[in-house]
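User: I am new to reading protein models, and I would like to learn how helices, buried residues and inner spaces are described. Could you take me through them step by step?

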Amino acid sequence: MDGDRPTGDPTVQPVPEAVVARVDAADTTLSNPKTAVIALGSNIGNRLETMQGAIDALEDTPGVRVRAVSPVYETDPWGVQAGTQPRYFNAILLVRTTLPPDALLERGHAIEEAYHRVRTERWGPRTIDVDIVAYQGVRSDDPILTLPHPRAHERAFVLVPWQDVDPAAELPGHGPVAELIAAVDTSGVRHRSDVELRLPE
């Protein structure tokens, strides 16, 4: 059974001033928005509730609208010895946003911090992981935010739920997501039909 929800609720966290400064009045109607693909993952605490809280917090961000939420998948931790960490819940979101990629990343980090995400260990356990997988076909080698995500093409826990919400999706520089799925091992990606994430009301 998952643990208690962290006391920090990102839905009431203030949006950083640097983010607000980049959002003008047109953002309430999402004038000229871009599409971004965001991956969520959690393997500590109440995984489902934390992920739903992250979705709601993104929706509450000026200039961001969550348009699609994938089914939930349960997966083994990436990059660590089997049995050393709890399994993850993973999901993919499609959002429409007027925020530039770096501002969207900043908001994702703020949500992680609100849920006490700890970054002391690479591939360590985490209450919530908010990753930008792709942003409107943008290509960037910036080490702070590489786009598309440099390992997305080999991660079944990203590709499988992404195809669920966008069957025609393509990963820039790598091709159709459906073809990428055919080239990776999906045996450890298990659909959890007994739980679901919802679109914000």
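Analyst: Let us begin with the word helix: here a helix is a DSSP run of H or I that holds at least four residues, and such runs are numbered from the N terminus. In this predicted model, A114 has its place in helix α3.

User: Is A114 buried or exposed?

Analyst: A residue is called buried when its relative accessible area is under 20%. A114 has a relative accessibility of 7%, and therefore it counts as buried. One can also ask what lies across from it in space: A54 is 60 residues apart from A114 along the chain, and the C-alpha atoms of the two are separated by 9.4 Å.

User: How many cavities of 30 Å³ or more are there, and which residues line the largest cavity?

Analyst: A cavity is a space where a probe fits but cannot get out. The count comes to one cavity of 30 Å³ or more, and the largest cavity has a volume of about 30 Å³. Its lining is made of I38, L104, L105, G108, V130, D131 and I132, with α3 (101–114) and β5 (129–135) as the elements that each give two or more residues. By type, the lining of this cavity divides into five nonpolar residues, one polar and one charged.

User: What is the volume of the second largest pocket, and how do its lining residues divide?

Analyst: A pocket, unlike a cavity, is an open set of points. The second largest pocket holds about 170 Å³ of space, and the residues that line it include W78, R155, F157 and D185. Its lining divides into five nonpolar, three polar and four charged residues.

Methods:
Residues are numbered from 1 along each chain as its sequence is written. This is a predicted model: local features need pLDDT of at least 70, side-chain atom pairs count only at pLDDT 80 or more; totals for chains, interfaces and linings use all residues. Side-chain values use heavy atoms; hydrogens and water are left out. On a 1 Å grid over the protein atoms alone, a cavity is a set of points where a 1.4 Å probe fits but cannot get out, and a pocket is an open set with protein on both sides within 12 Å along at least five of seven lines; lining residues have an atom within 4 Å of a point. Grid points are joined across faces, edges and corners, and a volume is the space filled by probe spheres set on the points. Ala, Val, Leu, Ile, Met, Phe, Trp, Tyr, Cys and Pro count as nonpolar, Asp, Glu, Lys and Arg as charged, and the others, Gly among them, as polar. Buried means under 20% relative accessible area, exposed over 50%, partly exposed in between (1.4 Å probe, protein chains only).
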